Amino acid sequence: MNSPLPLYHKVYLLLRQRLLDGVYDADVPLPGEHGLAEEFGVSRLTVRRALETLTEEGLIWRRQGRGTFAQARADASGGPHGAGIDALVAHLERMGMQTQVQLLELSVEPAPAAVAERLGVAPGAPVHRSIRVRSHQGEPFSYLKTYVPDAIGRRIPRKALASKPLLQIFGELGVRVSGAEQSMTAVLADPPAAEALGVPIASALLNIKRLVRDAAGQPVEFLDARYRPDRFEYRLDMAAHETAGTPVWLPAGRAAS
């Protein structure tokens, strides 16, 4: 965790990011101090200080004999963001053809509350989670965590996930993608993403979250992707439009309403 920040503050930032991302369900205890200390390679005292800061901020609460829990909160993910679906699909297809993918994990697990809400399933319902790393010319640039509903996930062969873009797999399964909601922000690299991308823990990464819907408007994929900013750049062409005499910027090809 090479950085001028104090160790406890790095652990605090990483845990805070997970809490805001909804990684920890409110009714399930967080990993214990010993487990977190091992994961981050720090002392239990360092972890304890980070947890105390999170408690002061109201992000977690601790109860003797029960453990530490995430504070339940309203979802703050916001509404749709990003370019139109046609431009997005074209961009992803180009990436799939020009890059290599490595499948790190594939599992069926109970949907965490944050994932269940996005996919429109009950919390704890089975979802298929895959973790993949994309590389270009042998250099990793993205760490992709994807969730799909069980009805679709059970039809996707493991071999396909290790060799094809998910949009291509959807097409082969007859799942017609018609829309996506996307948000973009900056996050810190947690230990798994840092190791996969070859960067220090707590390095800044670009985070793109995408909810993909089929022709009936049903969610078919939730993607939580982390990108190395030195190896990935997201571009969006913009055009100026007049709206009631006031110029506004909109994605190119989209008319002002």
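This report describes selected features of a predicted model, from its sheet and helices to its salt bridges and two unusual loop residues.

## The sheet

Strands of a sheet pair through backbone hydrogen bonds, either parallel or antiparallel. In this model, six strands form an open sheet with antiparallel pairing. Their order across the sheet is β3-β4-β5-β8-β7-β6. The edges are occupied by β3 and by β6 (177-188). Each of these two has a single partner strand, so one side of each is left without a neighbour in the sheet. From one strand to the next, the twist averages 15°.

One pairing may be examined in detail. Strand β5 (residues 139-149) and strand β8 (residues 219-227) run antiparallel and are joined by six bridges. Within this pairing, Y147 has F222 of β8 as its bridge partner.

A helix also meets this part of the fold. Helix α1 (residues 7-21) lies across β6, β7 (204-214) and β8. The direction of α1 is at about 160° to β6.

## Two crossing helices

Two packed helices are described by the angle between their axes and the distance between the axes. Helix α2 (residues 33-40) and helix α3 (residues 44-56) have axes that come within 8 Å and cross at roughly 110°. Angles of 65 to 115 degrees count as roughly perpendicular, and α2 is therefore roughly perpendicular to α3. On the α2 side, the contact is made by E33, H34, L36 and A37. The residues of α3 that take part are R44, V47, R48 and L51. Sorted by class, the contact has four nonpolar, one polar and three charged residues.

## L51 and its surroundings

One member of this contact, L51, lies in helix α3. Is L51 buried or exposed? Its relative accessibility is 2%, and L51 therefore counts as buried, the cut-off for that class being under 20%.

When neighbours within four places in sequence are left aside, L51 is in contact with L15, E33, L36, I60 and R62. For one of these, R62, the separation from L51 is 11 residues in sequence and 9.2 Å in space, C-alpha to C-alpha.

## A salt bridge between α2 and β1

The structure holds 13 salt bridges. One of them is formed by E33 with R62, and the closest N and O atoms of this pair are 3.0 Å apart. The pair links distant parts of the chain, 29 residues apart. E33 belongs to helix α2, and R62 belongs to strand β1 (residues 60-63).

The two partners are not equally accessible in class: E33 is buried, with a relative accessible area of 13%, whereas R62 counts as partly exposed at 36% relative accessibility. Both E33 and R62 are also among the contacts of L51.

## Salt bridges of R129

Which residues meet R129 in salt bridges? One is E105, with an N to O distance of 2.5 Å. R129 lies in strand β4 (residues 126-136) and E105 in strand β3 (residues 100-110), so this pair links parts of the chain that are 24 residues apart. Another partner is E109, with an N to O distance of 3.5 Å. E109 also lies in strand β3, and its pairing with R129 ties together parts that are 20 residues apart in sequence.

R129 counts as buried at 15% relative accessibility. E109 is buried as well, while E105, at 37% relative accessibility, counts as partly exposed.

Elsewhere, salt bridges that share partners join D21, K209, D224 and R226 into one network.

## Two residues with positive phi

Most residues other than glycine have a negative phi, and most peptide bonds are trans. Q137 has a positive phi, near 55°, and is a residue other than glycine. Q137 is placed in the loop between β4 and β5. With a relative accessible area of 68%, Q137 is exposed, the cut-off for that class being over 50%.

A202 also has a positive phi, of about 80°, although it is not a glycine. Where does A202 lie? Its place is in the loop between α9 (191-197) and β7. A202 has a relative accessible area of 19% and is buried, whereas Q137 is exposed.

How values were computed. Residues numbered from 1 in each chain as written. Predicted model: local features only at pLDDT ≥ 70, side-chain atom pairs only at ≥ 80, totals over all residues. Heavy atoms only, no water. Axes fitted to C-alpha atoms, helices over the stretch in contact; angles between N-to-C directions. Helix = DSSP H or I, 4+ residues; strand = E, 2+ residues; numbered from the N terminus. Parallel < 35°, antiparallel > 145°, perpendicular 65-115°, else oblique. Contact = heavy atoms within 4.5 Å. Nonpolar A, V, L, I, M, F, W, Y, C, P; charged D, E, K, R; others polar. Salt bridge = Lys/Arg side-chain N within 4 Å of Asp/Glu carboxyl O. Buried < 20%, exposed > 50% of the residue type's maximum accessible area, 1.4 Å probe, protein only. Pairing = 2+ DSSP bridges.
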